[in-house]
Structures are given as structure tokens and as C-alpha cells.
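Student: Before we discuss this model, could you take me through the terms used for it, and show how each label follows from a computed value?

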Amino acid sequence: MAGFQTPITIHKALSEIQSGHYLLPAFQREFVWKHYQIEMLFDSLMREYPINSMLFWKLSDETGKKYRFYRMIKDFVEVHRTKNEEYCNNLTRADYAVLDGQQRLTSLYIGFCGTYAYRKKYAWAVHCENNYPTRRLYLDISREYSDDVDDKHFHFEFLAHHAEDLFDEGDKRWLRVGKVLEFADLRTKATFYRDNNVDIDQQFIVERLVQVVHIDKVINFYEEDTSDPDKAVSVFSRINSGGTALSYADILLAITVANWKKYDARNEIRDVQDKVNAMGFNITHDYVLKSFLYLKNDDVRFKIGSFDNDFITDVEEHWIEIKDAIVNLFALLKSYGLDGGRLTSNYATLPVLLYLYRRKIWSDIVGGVAHRNDRDIIKRWLMKTLLLRTFGYRSDGSLRKSRHVLNEMDWQVFPAGKIESALGQTVTDEEFFQTLLTYRKDNRYTWVVLSLLYQNLVYENIVYHADHMHSAKECQEKGISNEIWDSVLNLQLLPQSENESKGAMPLKEWVDKQTQNKDRNAYLESHLIPDMDLKIENFDVFIEVRKEMLISRLKELL
């Protein structure tokens, strides 16, 4: 029956964990407590501080068909071993899923039965015993401490000492905490005291720990016995939002993880993030989940009702294609010279993703000769969209409208014009173009403007820099305002090698050098440089002429 149950001892809770009767639903977060948090928990127990009640979900036999469950982690290695082992046995009516209390129960399990490894100071981050020594929890039974020492009254510490049950270190005497699990048997405890010369004061501290483990019923829990897994997810989300707040994306990820059967959604989605972010981008699970909605659902809003069983099943069935499409989409964006800093809206890429997915051309969109025209159209649309900030904070409306366009028919070319019309992306405001040219070099939109202006550049294996045409040194010496010389009006894109060789060379000297025995007019046109006397003394005229040139080009493009 639902409600608060009779409290149990720590020893009973540990037995249930070890036997696989206390499990974690797949939508639980991983264990995240630091070693010092576990040590403080044990100190609190010794001092009879309450550790708050927990919430358990009593499982039915049918539940295992809908959800995945995991064992609590026993031997934890910070960063390197944090994932829980999946529980593959058949569930019984004796099994519970922990909805609230995972961190505390896992801490008790590690402290009494397992190990906790964290990196030594100044050690390499590579996982090995020397860098991440295996540590077990010990209690100093030599004395109690005053409250003003690290706010601890009892000194618990994770030590790397080869699992001895008891050892002396200076004026301290360390007892392995897990040893007291054997002390329910009075003869075993008495023999241990005698064989190790544990004096009466030390016995007093050990007895306090024995009381905490075997006698005090400190595990209070509320039992939820619903047979509806969706209600359990709702309860979990509500309860856990009182700690670290769960976003809608967190909740939907939890539901996805809980319902996928063939794949481990948590690891698969993280793998996509890792592959994309390794290319220099910055996507989270929010983006991946939104892509599910955009590809497969009419309503693109984050809502619990959207992630029903049919939707989640459909996504899982097509997961490999979706995963490949996302990774290849960002490879395409990288070929445009974009990265996490320059891509100012991840959601702006979703129309491109749907187009590639529907046409099944994601695998050869980057280098395929047949898709060159598509690449050019997509690039221009995307850069324009980023500059117009169409997919801003409240982007669901824009996503819905663009998705409607893409669903109208089987497009053979990316329908940039149709999408622009649906989203009202026609630009007629003169002030907009003027504003683009005022962006300074360090503005996150500056590179997008320059990329549009220099749209024929090839980014494969070439790194481009935003270069001051008239050098900063010359402009500063002439007292020219940095709002002018450091803006788009005085910037161009150059390959890194050219930019480094140019350095602070005067623009006239640089152009003369680059056009020696070459078509000067063609060079000036491709670099968007006015055909005029390029000495620094003519800077004001240069800026005015180039402004007209750039605005004309931007109007043509946008």
C-alpha cells in the first residue's frame, strides 16, 4: 500500500541493494557525490542527524517490459567508471526502484561495501592505480573530534591502504568501515576487539557505528505502488526538481532512456554529442531531442505528451539514420567554416537536417559533386538566418513554420526561398545592412558576415582569419577610431598563412605584392577591395567606397 513504510536499518538496505531488490530506473542521473560528501554523510549518521526520507517505487512484473533498471554502482572511479550496470534478471514484486535517495543509498553502499577512486593531486588524468588509487572508507577510532575541525565530530576518510581491517598511522587508528557489517555476531565482534587490542574508548566509537548499522532504523521511505510507469516518471520529475532542477529536456531524455529497448539512449545520445562537439561545436541533449521532434512530430514543442510510446519507438527504429544525419549535418557546417562560437543558433540547423534526412543525402552532402548547388543554397540561407536571428530564444514558431514548408512536397533542392517567405526573412531595412558593417572583429556575428561576403572560399584543410586590411598599427598611429578600423568595413578573410605573412604590412604594399604579374582587377574584386589609391592617408575615402561595395553585395545576397 502506498505511503510511509516501517523504517529499516542500513544493514537491511545494503542487503537489498546487494541482492538486486533496490534498483535504479534508467532515467536516474549517474552518481555524482564527491568523496567528502560521503564522509560527511557518515559523520551525520554517527551524530544521529536525520538524512531525510526516500521515495521507492514498488515494481510490478509488467514494469520490466517498459523500463530499464540498473544496479547501484559499488566501485566508483571519478570520471572513468561512473556508469551503472544494467540489471538483466526478471523483476519481482519484491523489487523497488529508487526515485529519490539514490545519492545517499549509493554513498552508503560504496562506503560499507565498495571503493571510491579519485585523482591524486598533480597526477595525470589517465586512469591507472597510480593516478586514481583505489580507496576504501575508514573511521579513526582513536578519538572523537571537536566540531570545529572540518565540521566533523567523527573522522571518516577514504584511504588507499590495501583493505586492512585495522591499522595504526601516527596517533590515529583506522578501522575499515565495512568491517562492522560482520559485527551483528557478538562473538565475531568480541574476537576482533581481543585480537586487535581495541581499548574501551575505541570500542565506544566502534559500538556507535555498530548501532548506526545494525540497530538504528535510519532509512525512512515512502512507497509508491502505482502500476502506471508514466506516473512514476511524473513523480520522479516532481521530486527531483526540488534538488537540481530538471528541465523539460531532462525529463524527456529520462522518458526516452526508459522506453528504448534495443539501444541505451543515454549512451547513444551522448555519443552523438561527443562526435559533433569533437568537430568544434557545442550541442547538448536538448538539441538531439529537439531534432527527434522536428524530424518525426508535427508539434515541435517540448511536451511530455509528444514523447509517447509510438513516437519513441519510431525514433529508435530509425536511430542509426538519425544519428548519421546529425553527424554529417555538422560536418557540412564545418565545411562552411562554422564552429560552436560562430554557429549562434543550433536550432537554425534543423531545417537543413530535415531536408538531408528526407532526401537521404546526408552521407555525401559534404563532398558529393551532385550536391554542390545545394551546398551553396544551404550556406547562404543558413548565414542569412543566423544574421537575422530567426531562431532565437523562442524558436518553436519558426521551427513549426519551416517544418510545414519542408513537409509540403519532396523537394529536390533546398527550398530556401519558400522558407524565407514563410518566416518573413525578406530584408528591406537599410539600417540592418548598415548595422552589419559596424560589427567589430570580436563580435560573434562578424565571421558570419564575412563568410557571406567571401562565399566562394573553400574551407577544407584551410583555416581563415579575419584580417584588418589597413593594419591596426597604422590606424592607431593615424588616430583613426577603432570603431571604424576594427569593424567589418576594414576586415577581410585570409588564409592563416597569408594573414601571418601579411602582418602589419600597409594595404597598398600588400596588394601591389600580391598582384605583381597578375590580374589586379580580378584580385581586387575577389577580395572586395576598392580600386583606388590604397595609402593610409586615403582611409576615409576607402571606407566610404568599401561601405557602398559591401552593402551592395549584402543586398544581393540577403
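Tutor: Let us begin with pairing, keeping in mind that the model is predicted: two strands pair if DSSP finds at least two bridges between them.

Student: What makes β2 and β4 a pair, and in which sense do they pair?

Tutor: Strand β2, residues 22-25, is joined to β4 over 2 bridges, in the antiparallel sense; pairing requires at least two bridges, so the criterion is met. Within these strands, Pro-25 stands opposite Phe-69 in β4. Helix α3, residues 102-113, packs on the sheet, where it touches β2, β3 (54-58) and β6 (96-100), and its direction makes about 120° with that of β6.

Student: What is the order of the strands in the open sheet, and why is one side of β1 and of β4 left without a neighbour?

Tutor: The sheet is formed by 6 strands in the order β1-β12-β3-β6-β2-β4, with mixed pairing. Because β1 (3-4) and β4 (69-70) stand at the edges and each has a single partner strand, one side of each lacks a neighbour in the sheet.

Student: Why is Cys-113 called buried, and why is Cys-128 called partly exposed?

Tutor: Cys-113 has a relative accessible area of 18%, and buried means under 20%, so the label buried applies to Cys-113. Cys-128 has a relative accessible area of 32%; since partly exposed lies between under 20% and over 50%, that label applies to Cys-128. As for disulfides, the structure holds 0.

Student: How do you know that Met-279 is buried, and which residues does Met-279 touch?

Tutor: The relative accessible area of Met-279 is 17%, and the limit for buried is under 20%, so Met-279 qualifies as buried. Met-279 is found in the loop between α8 (265-277) and α9 (285-296), and, leaving aside residues up to four places away in sequence, it touches Val-327, Phe-330, Ala-331 and Lys-334. Met-279 and Leu-338 are 59 residues apart in sequence, with 9.8 Å from C-alpha to C-alpha.

Student: What makes Asn-490 buried or exposed, and what does its side chain reach?

Tutor: With a relative accessible area of 0%, set against the limit of under 20%, Asn-490 is therefore buried. Asn-490 is found in the loop between α19 (482-485) and β14 (491-495), and its side chain reaches the backbone oxygen of His-470 at 3.0 Å. Not counting residues up to four places away in sequence, Asn-490 touches several residues, among them Asp-467, Cys-475, Trp-485, Phe-539 and Arg-546.

Terms used
Residues numbered from 1 in each chain as written. Predicted model: local features only at pLDDT ≥ 70, side-chain atom pairs only at ≥ 80, totals over all residues. Heavy atoms only, no water. Disulfide = S-S within 2.5 Å. Buried < 20%, exposed > 50% of the residue type's maximum accessible area, 1.4 Å probe, protein only. Helix = DSSP H or I, 4+ residues; strand = E, 2+ residues; numbered from the N terminus. Contact = heavy atoms within 4.5 Å. Polar contact = N/O pair within 3.5 Å; in protein donor to acceptor, adjacent residues only side chain to side chain. Axes fitted to C-alpha atoms, helices over the stretch in contact; angles between N-to-C directions.
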